[in-house]
Amino acid sequence: MKNNFTKSFQKGQVESKWFLIDATDMVAGRMAAEIANLLRGKNKAHFTPNSDCGDNVIVINADKVALTGKKMSDKVYYRHTGHPGGLKETTPEKLIAGGKSDRIIEKAVERMLPDNKLRAVFMKKLHVYCGETHNHEAQKPEVLDLSKANSKNKRG
């Protein structure tokens, strides 16, 4: 009689790759969904939901990301300082003007990951840079062009 069972992979049993994504004119939400799948490892045949089977992702040109509709001015990010009356808000327009455009992509990806202890592990594997340069050349990242997957992924 043949035993049928599902193989569950652990972190040490999976080889992790490095991917490089250029965010120039990419729609933030569509790009974030693809990045979240890469970080979790859902693109692999041996995906295990309760372990870290994902890859590392480098995003460059985060300051050139595109947002659809009026999200640049109407979308609001909230945070709380922990003190009474400490609710702070900002928009993507203010983040880009302040040189913190990498937070737009980080927040979009973070909110597409499951809300459990693995979220922090996945977020450590995401490296977002506002310019062209990054310091991960030694890992020899594989360039991933998400605009070829669907014409809606890119603006302009």
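These legends accompany close-up views of a predicted model.

**View 1. The whole chain, from β to β along the sequence.** The chain holds five helices and six strands. Read from its start, the order is β-α-β-α-β-β-α-α-α-β-β. Along the principal axes, the C-alpha atoms fill a box of roughly 65 × 40 × 30 Å.

**View 2. The largest pocket, lined in part by β3, β4 and α4.** The volume of the largest pocket is about 290 Å³. Its lining includes Tyr77, Tyr78 and Arg79. Lys88, Glu89 and Thr90 also line the largest pocket. So do Leu95, Lys100, Arg103, Glu106, Lys107 and Arg111. Three elements give two or more residues each to this lining: β3 (77-80), β4 (87-90) and α4 (102-110). By class, the lining of the largest pocket has eight charged residues, three nonpolar and one polar.

**View 3. The second largest pocket, with lining residues from α1 and α4.** The second largest pocket holds about 220 Å³ of space. Its lining has 14 residues. Nearest the centre lie Ala28, Gly29, Leu67, Lys75 and Ala108. The elements that give two or more residues to this lining are α1 (28-40) and α4. The largest share, three residues, comes from α4. Eight of the lining residues are nonpolar, two are polar and four are charged.

**View 4. The crossing of α1 and α4.** Two packed helices are described by the angle between their axes and the distance between the axes. Here the axes of α1 and α4 come within 8 Å. They cross at roughly 60°. That angle makes α1 oblique to α4; the roughly perpendicular class begins at 65 degrees. The crossing of α1 past α4 is right-handed.

**View 5. Side chains and backbone where α1 meets α4: the contact residues.** From α1 come Met31, Ala32, Ile35, Ala36 and Leu39. From α4 come Ile105, Ala108 and Val109. The residues of this contact divide into eight nonpolar, no polar and no charged. Ala108 of α4 takes part in the contact with α1, and Ala108 is also one of the residues nearest the centre of the second largest pocket.

**View 6. α4 beside two pockets.** The helix α4 gives two or more residues to the lining of the largest pocket. It also gives three residues to the lining of the second largest pocket. Charged residues number eight in the lining of the largest pocket and four in that of the second largest. Nonpolar residues number three in the lining of the largest pocket and eight in that of the second largest.

Technical notes: Residues are numbered from 1 along each chain as its sequence is written. This is a predicted model: local features need pLDDT of at least 70, side-chain atom pairs count only at pLDDT 80 or more; totals for chains, interfaces and linings use all residues. Side-chain values use heavy atoms; hydrogens and water are left out. On a 1 Å grid over the protein atoms alone, a cavity is a set of points where a 1.4 Å probe fits but cannot get out, and a pocket is an open set with protein on both sides within 12 Å along at least five of seven lines; lining residues have an atom within 4 Å of a point. Grid points are joined across faces, edges and corners, and a volume is the space filled by probe spheres set on the points. Helices (H or I, at least four residues) and strands (E, at least two) are DSSP runs, numbered from the N terminus. Ala, Val, Leu, Ile, Met, Phe, Trp, Tyr, Cys and Pro count as nonpolar, Asp, Glu, Lys and Arg as charged, and the others, Gly among them, as polar. Axes are lines fitted to C-alpha atoms, for helices over the stretch in contact, and angles run from 0 to 180 degrees between N-to-C directions. Angles under 35 degrees count as roughly parallel, over 145 as roughly antiparallel, 65 to 115 as roughly perpendicular and the rest as oblique. A crossing is left-handed if the near helix is turned anticlockwise from the far one by less than a right angle, and right-handed if clockwise. Contact means heavy atoms within 4.5 Å.
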